[in-house]
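Student: Could you walk me through this protein, one question at a time?
Tutor: Sure, let's look at it together and take it step by step.

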Amino acid sequence: MSVLWPGGAVASGVSPVFDVYVWVEPGDRDGSLSRFIDRYVDVERPGDPRFPAFVRTFVSYDPAHGDADALAELRRDDAAERAFSLYLRAIGYYGAIVTVTEEGAFVLGLSLDGPLNASETTREAADLMAALMAEFAATGGIAGVELAPPQSASEWRDAYVLLRTVRAGKLDPVSYDAIIDGAAPIGASEE
C-alpha cells in the first residue's frame, strides 16, 4: 500500500518546494505561535478557512463552538488523536505550515520555492533553519524537498531529510556545524 502525505506529490510543470521545519517544545510554545503567525503568515488571506478556529484555539485560548470539529478535519488519518497540520499562505515564502504534534509540541514550517538549484537552496534552507531555531527557541530542525510536516516525535526522528540539526542534544544527534560543513546526513537519524 502506498501512502502520499500532503506535499508528497508535485503536479506536472510545478517546481517542488524545499520545506524547513523547527520543533518547538510544549513548554516553549506560548508566544512562539503568535510570533510565527505575525511574522510569516498572510493573516488577511491565510488560504484555509479553519485558520480563525486555529487562532481562537491555540493563540487566544478562546475556542468557539465547532472549532474542535473544524480542526479535527485537518488530521492526516483516523489514528491521529491530537496531531494535525495547517497549510497557510506565507509572507515572503512559498508557504507556511503549522503542525500540532501528538505530544502537544508545535512544528513550525516555511517552504522555499525553487529547490532545483540545489546548492543555493540547500544553503538558504540551512540558514533559514538556524534563524527559525534561534527565533523560536526550537530544539531541532529538519528540511527536505516536498517534506510532509512530522506530526509526532517518532515521525520527526524517522523523517528522511536532506538537513537535520539539534539544539542541546535534543531529538537528533546531528549538529548544525556538520550541516554547514557539508557533512549533513541524508536520511533518517541513526538513533
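Tutor: One definition before we start: helices (H or I, at least four residues) and strands (E, at least two) are DSSP runs, numbered from the N terminus. Also keep in mind that this is a predicted model.

Student: How many helices and strands does the chain have?
Tutor: Try reading the elements off from the N terminus: they run β-α-α-α-β-β-β-α-β-α-β-α. Count each α as a helix and each β as a strand, and you get six helices and six strands.

Student: Which element gives the most to the lining of the second largest pocket?
Tutor: Start with the lining itself: Thr57, Phe58, Pro63, Asp67, Ala68, Leu71, Ala72, Arg75, Arg82 and Phe84. The elements that supply two or more of these residues are H2 and H3. With four residues, the top contributor is H3.

Student: What is the make-up of that lining by class?
Tutor: Sort the names you just saw: Phe58 and Leu71 are among the lining residues, and Phe and Leu count as nonpolar. Asp67 and Arg75 line the pocket too, and Asp and Arg count as charged. The full tally for the lining of the second largest pocket is six nonpolar, one polar and three charged residues.

Student: And how much space lies in the second largest pocket?
Tutor: We've met its walls, with H3 giving four residues to the lining. The space in this pocket comes to about 160 Å³.

Student: Which element supplies the largest share of the largest nonpolar core?
Tutor: That core has 37 residues, and Val20, Phe36, Phe54, Phe106 and Leu108 touch the most other members. Several elements each supply at least two residues, including strand S1 (17-24), helix H1 (32-40), strand S4 (106-113) and helix H4 (118-136). The largest share, seven residues, comes from H4.

Student: How many residues are in the second, separate core?
Tutor: In soluble globular proteins, nonpolar side chains tend to be buried together. Here the second core includes Ala105, Val107, Ala153 and Ala159. Its total number of residues is 11.

Student: Is Glu146 buried or exposed?
Tutor: You'll find Glu146 in the loop between strand S5 (140-145) and helix H5 (153-158). Its phi is positive, about 50 degrees, although it is not a glycine. Buried means under 20% relative accessible area. Glu146 has 18%, so it is buried.

Student: Then what about His65, buried or exposed?
Tutor: His65 sits in the loop between H2 and H3, and Tyr61 is found in the loop between H2 and H3 as well. Exposed means over 50%. His65 has 86% relative accessibility, so it counts as exposed.

Student: How far apart in space are Gly31 and Phe136?
Tutor: Gly31 lies in the loop between S1 and H1, and at 31% relative accessibility it counts as partly exposed. Along the sequence, Gly31 and Phe136 are 105 residues apart. In space, C-alpha to C-alpha, the distance between them is 8.9 Å.

Student: Last one: what share of the 191 residues is buried?
Tutor: Let's take the outside before the inside. The chain exposes about 9500 Å², and carbon and sulfur atoms supply 51% of that area. As for the buried residues, their share of the 191 in the chain is 46%.

Methods:
Residues numbered from 1 in each chain as written. Predicted model: local features only at pLDDT ≥ 70, side-chain atom pairs only at ≥ 80, totals over all residues. Heavy atoms only, no water. Core = buried A, V, L, I, M, F, W, Y, C linked by side-chain atoms within 4.5 Å. Buried < 20%, exposed > 50% of the residue type's maximum accessible area, 1.4 Å probe, protein only. Areas by Shrake-Rupley, 256 points an atom, 1.4 Å probe, with all protein chains shown as cover. 1 Å grid on protein atoms, 1.4 Å probe; cavity = no way out; pocket = protein on both sides within 12 Å on 5 of 7 lines; lining within 4 Å. Points joined across faces, edges and corners; volume = space filled by probe spheres on them.
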